[in-house]
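Here is a report on a protein model, written for someone who is new to reading structures. Keep the picture open while you read.

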Amino acid sequence: MGFWQNLRDSVTGRPAEREYEFELPPAPTSADILSSIADVQADTAGKVPPIVTARINRIANTVAVMVPRLDQLGGGSAQAHTVVSTATSYLPEAVGGYLRLPRDFADRRAVYKGKTSLMLLCDQLDLLGVTLDKISDAVSRADAAALVAHGQFLAEKFQPSSSLTLPSEPLS
């Protein structure tokens, strides 16, 4: 609200319009991200078939490797958002939806295009796993490229040139 509008409102006696400030929730910390994954693993322990546990563990391992590297992706990057959202939203929601169903229904009744809820969950977990693997590979390739470039720099910087001759005997 501007100065003139405040002055007009005070002269005319109209109540001033209120400005509302919106507070965004804080971004999840590394500990929050890892805790969310650990919660999913704990919530599913002994409650899901081994094929689901294996997929959850694959995702958990990839997230654990990626969390310390999120800064390399950049704060506003879609890839960083995908890693964080997978850990804090996509994975918990997919698994939670499956866990709310009765086991017999979830594992034996076709619910969509001939697939059971268990099959749908496995498809979703596979998609999340493949997506995280691609992001992890991209970050690793960038790190590897930086290592190669640094090695080339060092080779150029410290490789003896033909115009420079080193003494054959130590200097006294």
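Let's begin with what counts as a helix: here, helices are DSSP runs of H or I that hold at least four residues, and they are numbered from the N terminus. With that in hand, take helix α6, which covers residues 103-108. Both R108 and D104 sit in this helix, four residues apart, and that is about one turn of the helix. Their side chains form a salt bridge, with the closest N and O atoms 2.9 Å apart.

Before going further, a word on trust. This is a predicted model, and the mean pLDDT of the protein chain is 83. In all, 84% of the residues reach 70 or more. Confidence is lowest in helix α1 (residues 3-12), where the mean is 72. It is highest in α3, with a mean of 95.

**Salt bridges**

How many salt bridges does the structure hold? There are four, and the table lists three of them, including the R108 pair you have just met.

| Pair | Closest N to O distance |
|---|---|
| D133 and R58 | 2.4 Å |
| R108 and D104 | 2.9 Å |
| K115 and D123 | 2.4 Å |

Which parts does the pair of D133 and R58 tie together? D133 belongs to helix α7 (residues 117-158) and R58 to helix α3 (residues 50-66), so this bridge links parts that are 75 residues apart in sequence.

Now, are these charged residues buried or exposed? Buried means under 20% relative accessible area and exposed means over 50%, with partly exposed in between. D133 has 26% relative accessibility, so it counts as partly exposed. Its partner R58 is partly exposed too, because its relative accessible area is 30%. In the α6 pair, R108 comes out as exposed because its value is 64%, while D104, at 46%, is partly exposed. For the third pair, K115 has a relative accessible area of 30% and is partly exposed, and D123, at 35%, is partly exposed as well.

**Around T62**

Let's go back to helix α3, because T62 has its place there as well. At 12% relative accessibility, T62 is under the 20% limit and so counts as buried. What does T62 touch, leaving out residues up to four places away in sequence? The answer is L132, D133 and S136. You already know D133 as the salt-bridge partner of R58.

**A bent helix and a ring**

Next, have a look at helix α5 (residues 78-99). Where does it bend? The bend is at T86, and it is about 60°. T86 is also one of the buried residues of α5, and others on that list include V83, V84, S85, A87 and L91.

Y98 is another buried residue of α5. R103 lies over the face of Y98, at 4.3 Å from the ring centre. What about rings paired with rings? A pair of aromatic rings is described by the distance of the centres and the angle of the planes. Here, though, a search of the whole structure finds zero aromatic pairs.

**An odd backbone angle**

One last stop is K113, in the loop between β1 (110-112) and β2 (115-116). Its phi is positive, about 50°, although K113 is not a glycine. With 71% relative accessibility, K113 is over the 50% limit and therefore counts as exposed.

Key
Residues numbered from 1 in each chain as written. Predicted model: local features only at pLDDT ≥ 70, side-chain atom pairs only at ≥ 80, totals over all residues. Heavy atoms only, no water. Phe/Tyr/Trp six-rings, centres within 6.5 Å; stacked < 30°, edge-to-face > 60°. Lys NZ or Arg CZ within 6 Å of the ring centre and 35° of its normal. Helix = DSSP H or I, 4+ residues; strand = E, 2+ residues; numbered from the N terminus. Buried < 20%, exposed > 50% of the residue type's maximum accessible area, 1.4 Å probe, protein only. pLDDT = per-residue confidence, 0-100. Contact = heavy atoms within 4.5 Å. Bend = angle between axes of the 7 residues up to and from the residue.
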